[in-house]
Amino acid sequence: MISLCCLCGLASGTVVANEAPQVANVLARHITSLNGIWHYIVDVQEEGYYDYRMKPMRGGFFINAKPQRPEDLIEYDFDKAPTMQVPGDWNTQDERLFFYEGTVWFKRSFDWKPNGDHRILLYFGAVNYDAHVYVNGKFAGHHVGGFTPFNYDVTDLLKEGENFVILKVDNKRHAEAVPTQIFDWWNYGGITRDVLLIDVAPVYVENYRLDLAGKEVDKRGTRPVAFNVKLNQAEAGRLVTLDIPELKMHQVVTTDADGTASITFKAKKLQLWSPENPKLYQVEIRLGDEVIKDEIGFRTIETRGKQLLLNGQPIFLKGISIHEEKPNGGGRANSTEDAHTLLSWAKELGCNFVRLAHYPHNEYAVREAERMGILVWSEIPVYWTIAWINPDTYNNAERQLTDMIRRDQNRANVIIWSIANETPHSPERDQFLSRLAKHARSLDGTRLISMAMEVTSASNYKNRLQDNMHEYVDVVSFNQYIGWYRDVNDAAKMSWEVPYDKPVIVSEFGGGAKFGLHGAKNQRWTEEFQENLYRENVAMLDKIDGLAGTSPWILKDFRSPRRVLNGVQDYYNRKGLFSDSGEKKKAFYVLKEWYEKK
Ligand code: GCU
């Protein structure tokens, strides 16, 4: 059955573009930015899409129709519509859209002229949540998933001179979506990351991977490095060169019949990437006259029993969880500047690790963390009560996992792929998640797989981790809210049972406080309450055998529609160590002191 979107598309005589596999390292390509001012139309009943009325099926808003005769009836006009900044969520750019969940149309025009036989890919860093893309009134593609990139080859839809792109963006929540219709963060809708035109030759480097091919160092101090490259076409005999000038490394590979090539070579005196020395090498990859520049770090990450080893040395992950929200006042973060501020706060806390919750953050944030020497846990939003038996839901989750790994597989600081957060136990859930874990390993055998499990409390003082998924992950992580959702808060009496010979990360703990509210330490919502909770919790964590790290919940207060207590929450989750205006609460100093001693 052809879906309605294609009907709408086909009705306007489209040439359907093809969804090209995600292009690696887009910022290093020949790009034209379509960021900036876009017109938008709020379309609550999706009138511009399901145009039921008795007008000839001339397609919906996406054809950007204009009256040709005085009597023509066209009931929309993008050029007269308001504008907003892209990238950016609509919730914080138009107060009428603060809580809005539904469809908004976006349009902008751009000039283009052909560049020989080159192709043009239209790239989106992310659009939350469901996007239909049209170029010059023709359907280019439909993408679902709010936090991962996608791109279409739109060359055949373009014309010399002025063109226009229109998106139908719908952020409505659904039980079979990923995430589902319930989640504890703001449902920021819109074109929340970069929009770029990428100019590529007909055959281009689509994806590549450069990292250590093992952890051994031979007696001359050289290490094995692996380089894998994939073209967008199955073309044999194409020469791809790899240069690492600082290492005086020059390699040439020839693609085979499926357009891929790989090589392993020895690199001398490689400085490994680490939080103390976040060493990145300038790398240049060439195919024909196309040069792709990247900055790549080399390191090993592995587990040995309950130890986490970075470059062969045990490491304790002094972390903090972060939502992708601007440092001040909310809204989707989407720039290096946003990331630098948030990550600087984490550094001030003494962190060498961040859990980017609960979805893949923007590429600028991961790269900024890499430059700052901060290790990363990256996660897909398989969160709470997912529709485990729905095949579309699984495919959506797997697609988001694939795109997350594809985008960041060359980032040395990313050490953990997380496939879920706090998912209720069931055979269907285990089947779904174990499939995801295997898929992640098939794409990337070098990084660690984890997920945020839930500890079961045998009694208020006995805590046991019991989860079938322990055999599919490398690191057993769990969230616990002793002192907040459980009203015991006496570290001295707590005991822990984590019966798995794997490193343990406490991926969440914490409690809320309204910045500036003070009182007795048993007075909920005071800074003293949160401070005491942190004191008890860090004392308790010291008793967990095999604890390899923690990422307390959370760096900064963040917006959530579930947190409605007037005068205290006001639609913010107040578990931040920083307020939503970037002010430090007293608990900040408890964690900072604990990390200093670690
Ligand atoms: C949960 C969940 C978070 C949520 C937090 C809270 O563990 O993972 O997304 O925000 O607890 O209740 O504040």
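Two exercises on the ligand site and the domains of a predicted model follow, each with a worked solution.

Residues are numbered from 1 along each chain as its sequence is written. Local features need pLDDT of at least 70 and side-chain atom pairs count only at pLDDT 80 or more, while totals for chains, interfaces and linings use all residues, and side-chain values use heavy atoms, with hydrogens and water left out.

**Exercise 1.** Describe the shell around the ligand and the polar side-chain atoms that lie by the ligand's oxygen atoms.

*Solution.* Begin with the shell, in which 14 residues surround the ligand (a heavy atom within 4 Å of it), the closest being D184, H358, E422, Y485 and K575. By class, this shell divides into 5 nonpolar, 4 polar and 5 charged residues.

Next, take the pairs of N or O atoms within 3.5 Å: an N or O atom in the side chain of K575 is 2.7 Å from a ligand oxygen, the corresponding distance for N421 is 2.9 Å, and a polar side-chain atom of Y481 lies 3.4 Å from an oxygen atom of the ligand. Of the 320 Å² that the ligand exposes when taken alone, the protein buries 98% (Shrake-Rupley method, 1.4 Å probe).

**Exercise 2.** State the domain bounds and describe how domain 1 and domain 2 are placed.

*Solution.* The domain assignment, automatic or from a database, gives domain 1 (4-200), domain 2 (205-288) and domain 3 (311-597). The C-alpha centres of domain 1 and domain 2 lie 37 Å apart, and their contact (heavy atoms within 4.5 Å) takes 6 residues from domain 1 and 4 residues from domain 2.

Conventions. Polar contact = N/O pair within 3.5 Å; in protein donor to acceptor, adjacent residues only side chain to side chain. Nonpolar A, V, L, I, M, F, W, Y, C, P; charged D, E, K, R; others polar.
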